[in-house]
Amino acid sequence: MSSFKVHPNTVNNSIIPSNMIEQYNTSTLHDYRPPKTPLQQQALQLFQAHQFLSCEKLSLLDLSSQLQTLEQPPPSSRRNHLQRNHKNNDIEDSITMATTYELLGDCANRAERFVCAVEYYRKALVLVRDYHHIRSPKRKTRSEEHGVTSSWEALLRVKECQALSQTGSIIEATSILERSFPRPRVGLRGSNSNSSTGSSTSSETTNEFATLQSLMLHGHLYMLSNRSSDAIIQYKSALAKNPYAIEAVEQLAVLGCADTMILELVDEGVKNLALEQIVLVKKEKNEISGDGATTSTTGSDGDENETMANKDNNHELLIPVRDYVLAVTALHRNQLHASHQHFSKLNALYPDHPYILIQLAHIQQELGQILGSEQSYKRVRAIDPTWVEGMDKYAHLLFQLRMSRKNAFLLQHGGFLQYQYSCHGGRENSNNNNNNNSLDKNNMGTCDVELELGQLCADLLDAEDKRPEPWVCLSLYHLAREDHEKSIAFVDKAISLDQQHAFAHYLRGSILLSSHRPEHAAVSFFRANDLQRDIPSYEGLVESYLAANKFKEALCTAKEAISQAPRDARATTLVGLALAQAPPNQQGAGEGKERAKRALKKAMEIDPGAPRPLFALVDIYAAEGNYEMCVKLLQDGMDGTGTTKESARTSSVGASSHTNTWVKEHGDIIQAKLAEIYTLDENYNYALQCYHTAISMNPHNGLAAQGLERLEKIMRGLDPDDDDEMQEEASEDYGGGEEYY
């Protein structure tokens, strides 16, 4: 069978339960496990003590003796009398040997010899299946012909498929699970998400022997195979089985399921847990009273159990799962302010939870709350210095701070404060800057951040070098040192470790775009967007298409971003940028510029603190020669008075605070842009004042310094483009000038 190959680390290697001894001792009405041999008991103790090599060698000795016993026929003088007994003994010996094969498979899996583990599991499956085929009645339906017949066989199938996925055989593992756990024809595929049928829907669609482990594995394999609708069914069943399956909540949110539907599944899971607890208590009471086996939950007993479960369903969960559902679903719908509120509430309840803090840091980073984001990342590092998940975005934040201190240019772009260091020139001379000069204050700040970024790389690599985050961090470190070749090599290394890591694809696209390779960058951004439909990946796609002169694709992508996040100013800004840069023959009756203005104004209404739509709108009016409107827009942006009724409604969720924060921290950028407009309008006195104001606010603002030099030449009647040496010198002193969007 042809299989879709992925890297082995794509799927979590967690097939060995922590309670291994209990797993091997399981025996129910649907499952029978023979008594263990003395060697098997010793091997299990070694496995529990994590002595896997000793366990494997001991199990191989046991297997050798078992095979030798099966090969010896009974004595010839008693063959006729003991033929039936010998056959029964062979069956018992075979099922005992299945335990040995399973144990050998677990040892091989722990040693990451996954192909060997698959073979051991399959040998155990043959023995277990033959045993239950002899002991069990024939199956009733054709769909059950290849289905599992016991919980032991179900566990072996899950282990086999997990090991197969580690070898990269995703399609083969998925097909085996589909045959082993067949679903009835009527299922969740035909039910709507608002249905309140409760447990009846999940019980009809979940196989009798399906466990939480098998459902989650099946859903993850469907995700890797891009079968989203099938993955949703598996994750729904998993969450209905256990409401604390947080990973199922996250995957359903990624797949676009509504929060109301997920909350209904959580309530159903609470009810199912209560019902299982009631049945367990009754079983223990029956065993104590000597009534024998557990009775079924049908008839009056079943109704009584369901009534008690419904009462217990009204009880609170042990943790606020419902708040977590709202936080995660809002995050994946790109409702950042709402998600920030929910995660902040969870952070107040669990202040030292690193995962909640890392999510808060990501959201703050996208909202432009740079200082708050940096504090959240540092808090995670203080709680757990070995924490790796999501720390590549912390490295990205340090990279932005490093480049901003070097060039004094911050721009909210792609959901993050991006530095356009390679798209507009000026970086070629940065390597030859201060060979013989002492470091100034700005360079000292740069070195401090660069050292912090380097230390983060070292710590992450020491903690876990088989995850993509340390290699993404290392890529950013070399990118900060202007080494594009090593940067792209390390980000490729990260992708090879985990092809599902969206941020690695996003960073690769950013590097390629900055290297003037927009068509290659579009491929990486498209992959990042396919894995995680967030606004940064949409922005990268739109910019790549615009740089490649694919204006139609850029506009379609921008509109798709709005459909994903209709209340996000960044998505609306993308439409304005695409319309503004499209050629006249693709703008439709010459209305492209007007439509671009309306889109950018709407983005400013949604988020008055967003600088990108402001600068883009100013550039459109400047190209038309309407400098008066440019000045008005920039002054309103500086004063924070550009708020309309629309923005007044959104200010309650953080837009106004974003405006004030951005203006206070980066008002020198607006002043420099205002001076540029005054220069174009030949209002040199006002331009001179604005440049001096910008430099007084930030002495290292390279844009203001370079603009001031050009203005002084103009005022002296000189050509500002003649003296290239002076411009290069200014670029070296202040890190180069960049253009605004």
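Okay, let's start with one pair of side chains: S524 and R508 are joined by a polar contact of 3.2 Å. Before I go on, keep in mind that this is a predicted model.

So where does S524 sit? It's in helix α23, which covers residues 518-531. And is S524 buried or exposed? Its relative accessibility is 5%, so it counts as buried. If you skip the neighbours within four places in sequence, S524 touches H505, R508, G509 and L512. So R508 turns up there too, alongside the polar contact I opened with.

Okay, on to the nonpolar packing. The largest nonpolar core has 165 residues. Which residues have the most contacts inside it? Those are L239 and F343. As for who contributes, helix α5, residues 114-135, gives the largest share of this core, with nine residues. If you want to click on something, take F343. Again leaving out neighbours within four places in sequence, F343 is in contact with Y324, A327, V328, L331, I356, Q359, L360 and I363. There's also a second core, separate from that one, with eight residues, and A43, F52, L58 and L103 are among them.

Now a couple of helices. Helix α29 runs over residues 627-639, so that's 13 residues by the count. From the first C-alpha to the last, α29 reaches 18 Å, close to the 18 Å expected at 1.5 Å a residue. What's buried in α29? That would be C630, V631, L633, L634, G637 and M638. Those residues cover an arc of only 165 degrees around the axis, which puts them on the same side of α29. Swing round to the face turned away from that buried side, and you find the exposed residues E628 and D639.

Then there's α33, residues 702-715. With 14 residues at 1.5 Å each, α33 should span 20 Å, and its end C-alpha atoms are indeed 20 Å apart, so the two agree. The buried list for α33 is G702, L703, A704, A705, G707, L708, E709, L711 and K713. Notice that E709 and K713 are on that buried list. Just after α33 comes G717, with a positive phi of about 80 degrees.

That brings me to backbone angles. Most residues other than glycine have a negative phi. Here are two residues to look at with that in mind. N226 has a phi near 60 degrees, which is positive, and N226 is not a glycine. You'll find N226 in the loop between α9 (212-224) and α10 (228-241). The other is N334, with a positive phi near 65 degrees, again in a residue other than glycine. N334 is in the loop between α14 (321-332) and α15 (336-349). What about accessibility? N226 has a relative accessible area of 59%, so it's exposed. N334, at 8% relative accessibility, counts as buried.

Last topic, cysteines. How many disulfides does the structure hold? Zero. Two cysteines to look at while you're there: C473 has a relative accessible area of 0%, so it's buried. C556 comes out at 48% relative accessibility, and so counts as partly exposed, given that exposed needs over 50%.

That's my tour. Happy to rotate the model if anyone wants another view.

Technical notes. Residues numbered from 1 in each chain as written. Predicted model: local features only at pLDDT ≥ 70, side-chain atom pairs only at ≥ 80, totals over all residues. Heavy atoms only, no water. Helix = DSSP H or I, 4+ residues; strand = E, 2+ residues; numbered from the N terminus. Expected span 1.5 Å × (residues − 1). Buried < 20%, exposed > 50% of the residue type's maximum accessible area, 1.4 Å probe, protein only. Arc of directions from axis to C-beta. Core = buried A, V, L, I, M, F, W, Y, C linked by side-chain atoms within 4.5 Å. Contact = heavy atoms within 4.5 Å. Polar contact = N/O pair within 3.5 Å; in protein donor to acceptor, adjacent residues only side chain to side chain. Disulfide = S-S within 2.5 Å.
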